[in-house]
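Thanks, everyone. Let me put the structure up, and then I'll walk through it piece by piece.

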Amino acid sequence: QSPSRVVRMDLPLTWTQSEAGVKVSLTTGEVKIDDVEAEWSENDCRIEFQDGRRWCISWFASVVPEQSSMKKTGRHLKLYLRKKDEKLMWPRLQEESEESDTGMTAIRYISNL
């Protein structure tokens with residue numbers, strides 16, 4: 001048996017914010033919402049797809065998980081995050097900024113091979 005490898009690549013996304021919350025649109029391809037499992041906490045999110053793909057992030061600041069939601073529209077998974085501190089404007093989506101070669105913030109998509 002060979003050990004499983006973890007491959008990392010950028011997952012295309014867009015995000016916007018208001019005082020109350022953050023909206024994230026992940027480009028996931030053709031998946032059904034029933035094939036997506038998500039776990040939320042104040043500080044992070046983990047999304048697993050039935051085909052074995054996983055996406056994880058630590059938010060820049062705390063969110064209110066019970067007031068956050070997820071829905072599937074076309075090839076996108078839409079996340080709505082309710083901010084815990086509505087006065088705080090986020091300069092970036094994730095806790096630590098990792099720059100991609102395009103200069104855009106890269107959120108990690110993880111797939112076990």
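Start with the hairpin of β2 and β3, where three residues sit between the two strands. Keep in mind that this is a predicted model. β2 covers residues 13-17 and runs antiparallel to β3, with five bridges between them. For one of the pairings, take Thr16: its bridge partner in β3 is Lys23.

Stay on β3, residues 21-27, and find Ser25. Is Ser25 buried or exposed? Ser25 has a relative accessible area of 9%, so it counts as buried. This serine has polar company. Its side chain makes a polar contact of 3.5 Å with the side chain of His76. A second polar contact, at 3.4 Å, goes to the side chain of Lys78. Now look past its neighbours within four places in sequence. There, Ser25 touches Pro12, Leu13 and Thr14, and also His76, Leu77 and Lys78.

Next, a second hairpin. β7 is residues 69-73, β8 is residues 76-82, and the two run antiparallel with five bridges. Lys72 has Leu77 as its bridge partner in β8. Two residues lie between these strands, and Gly74 in this hairpin has a positive phi near 60°.

Now the core. Which residues have the most contacts inside the largest nonpolar core? They are Ile47, Trp59 and Leu79, in a core of 18 residues. Four elements give two or more residues to it: β3, β5 (44-49), β6 and β8. As background, nonpolar side chains in soluble globular proteins tend to be buried together.

Look at Ile47 more closely. Beyond its neighbours within four places in sequence, Ile47 is in contact with several residues, among them Leu26, Val36, Ala38, Trp55, Leu77 and Leu79. That contact list also includes charged names: Glu37, Arg53 and Arg54.

Arg53 deserves its own stop. It lies in strand β6. Arg53 is buried, because its relative accessible area is 15%. What does its side chain reach? One of its polar atoms lies 3.2 Å from the backbone oxygen of Thr28. The Arg53 side chain also meets that of Asp51 in a salt bridge, 3.0 Å from N to O. The two ends of that bridge sit in different settings: Arg53 is buried at 15%, whereas Asp51 is exposed at 53% relative accessibility.

On to the other salt bridges. How many does a search of the whole structure find? Six. In one of them, Glu39 and Arg46 come together at 2.7 Å, N to O. Glu39 is partly exposed, at 40% relative accessible area. Arg46 is partly exposed too, at 32%. Glu39 and Arg46 belong to a salt-bridge network that also takes in Glu48.

Then there is Lys84 with Glu42, a salt bridge of 3.0 Å, N to O. This pair links distant parts of the chain, 42 residues apart. Lys84 is in the loop between β8 and β9 (108-112), and Glu42 is in the loop between β4 (36-40) and β5. Glu42 is partly exposed, with a relative accessible area of 34%.

Glu42 turns up again around Ala61. Where is Ala61? In the loop between β6 (53-58) and β7. Ala61 is buried even so, at 15% relative accessible area. Leaving out its neighbours within four places in sequence, Ala61 is in contact with Glu42, Leu88 and Trp90. Also check Asp44: it is 17 residues from Ala61 along the chain, and their C-alpha atoms are separated by 9.1 Å.

Last item: cysteines. How many disulfides does the structure hold? Zero. Why is Cys45 not bonded to Cys56? The closest cysteine sulfur to that of Cys45 is the one in Cys56, and it is 8.0 Å away, so it is too far for a bond. The cut-off for a disulfide is 2.5 Å between the sulfur atoms. The view from Cys56 gives the matching answer: its closest cysteine sulfur is in Cys45, at 8.0 Å. Their surroundings are worth a glance as well. Cys45 is buried, at 2% relative accessible area. Cys56 is partly exposed, at 28%.

That's my tour. Over to you for questions.

How values were computed: Residues numbered from 1 in each chain as written. Predicted model: local features only at pLDDT ≥ 70, side-chain atom pairs only at ≥ 80, totals over all residues. Heavy atoms only, no water. Buried < 20%, exposed > 50% of the residue type's maximum accessible area, 1.4 Å probe, protein only. Polar contact = N/O pair within 3.5 Å; in protein donor to acceptor, adjacent residues only side chain to side chain. Contact = heavy atoms within 4.5 Å. Pairing = 2+ DSSP bridges. Core = buried A, V, L, I, M, F, W, Y, C linked by side-chain atoms within 4.5 Å. Salt bridge = Lys/Arg side-chain N within 4 Å of Asp/Glu carboxyl O.
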